Amino acid sequence: MDCIFCKIIKGEIPSSKVYEDEEFIVIKDVNPQAPVHLLAIPKEHFASVAELNDERAVVVGKMMKKLAEIGGDNGLDDGFRIITNKGKHGCQSVSHLHLHLLGGRQLDEKMG
């Protein structure tokens, strides 16, 4: 498998890790779209939310909870956005589910 996120998880590609446990990692995005732009990535490879099952949904819930905690730790008290994309039309650039945490400034209201 030639997945960049799997390579990051295995340590084959360096990253700026913010958090790691046995189920997922949180890293700084290399092409930030906001002053704070983090990615939460499950260690199990699956493409998108369309491939969630009950066990994967629990991990994604833990990822969202951790991102909210990290947002608070990074001074995002005025708000932040958590996003996941699915497929080409959803602008998913890596076919390994990941959540974006964006904040640190007033984000655009328009989503699409």
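Two residues are in contact when heavy atoms of theirs lie within 4.5 Å. Keep that in mind for the views below, which come from a predicted model.

**View 1. The whole chain, seen through its contacts and its outline.** Among contacts between residues at least 6 apart in sequence, 54% join residues at least 24 apart. The C-alpha atoms fill a box of roughly 40 × 30 × 30 Å along the principal axes. How does the radius of gyration fit a compact globule? A compact globule of 112 residues would have a value near 13 Å, and the protein has 14 Å, which agrees.

**View 2. Helices and strands in order.** Here you can count 2 helices and 5 strands. Follow the chain from the N terminus and the elements run α-β-β-β-α-β-β.

**View 3. Inside, outside and charge.** Of the 112 residues, 38% are buried. The protein exposes about 6900 Å², and carbon and sulfur atoms supply 50% of that area. Now look for the charged side chains: there are 14 positive and 17 negative ones. The centres of these two sets lie 5 Å apart.

**View 4. A close look at H37 in strand β3.** Strand β3 covers residues 36–42, and H37 is found in it. Is H37 buried or exposed? H37 has a relative accessible area of 6%, and because buried means under 20%, H37 counts as buried. Leaving aside residues up to four places away in sequence, H37 touches I27, K28, D29, N31, P32, H100, L101 and L102. One more partner to find is Q33: its backbone nitrogen lies 2.9 Å from a polar atom of the H37 side chain.

**View 5. R105, in the segment after β5.** Strand β5 spans 99–103, and R105 lies in the segment that follows. With 42% relative accessibility, R105 counts as partly exposed. Which residues does R105 touch, not counting those up to four places away in sequence? They are Q33, A34 and P35. The R105 side chain also reaches the backbone oxygen of Q33, at 2.7 Å. For a sense of how the chain folds back, try V36: R105 and V36 are 69 residues apart in sequence, yet their C-alpha atoms are 8.6 Å apart in space.

**View 6. Q33, a meeting point for both side chains.** Zoom in on the backbone of Q33 to bring the last two views together. The backbone nitrogen of Q33 pairs with a polar side-chain atom of H37 at 2.9 Å, while the backbone oxygen of Q33 is reached by the side chain of R105 at 2.7 Å.

Methods:
Residues are numbered from 1 along each chain as its sequence is written. This is a predicted model: local features need pLDDT of at least 70, side-chain atom pairs count only at pLDDT 80 or more; totals for chains, interfaces and linings use all residues. Side-chain values use heavy atoms; hydrogens and water are left out. Helices (H or I, at least four residues) and strands (E, at least two) are DSSP runs, numbered from the N terminus. The radius of gyration is taken over C-alpha atoms; the globule rule is 2.2 Å times the number of residues to the power 0.38. Buried means under 20% relative accessible area, exposed over 50%, partly exposed in between (1.4 Å probe, protein chains only). Accessible areas come from the Shrake-Rupley method with a 1.4 Å probe; for residues, only the protein chains shown count as cover. Lys and Arg count as positive and Asp and Glu as negative; His and the chain ends are not counted. The place of a charge is taken as NZ of Lys, CZ of Arg, CG of Asp or CD of Glu. A polar contact is a pair of N or O atoms within 3.5 Å; within protein, one must be able to donate a hydrogen and the other to accept it, and residues adjacent in sequence count only if both atoms are side-chain atoms.
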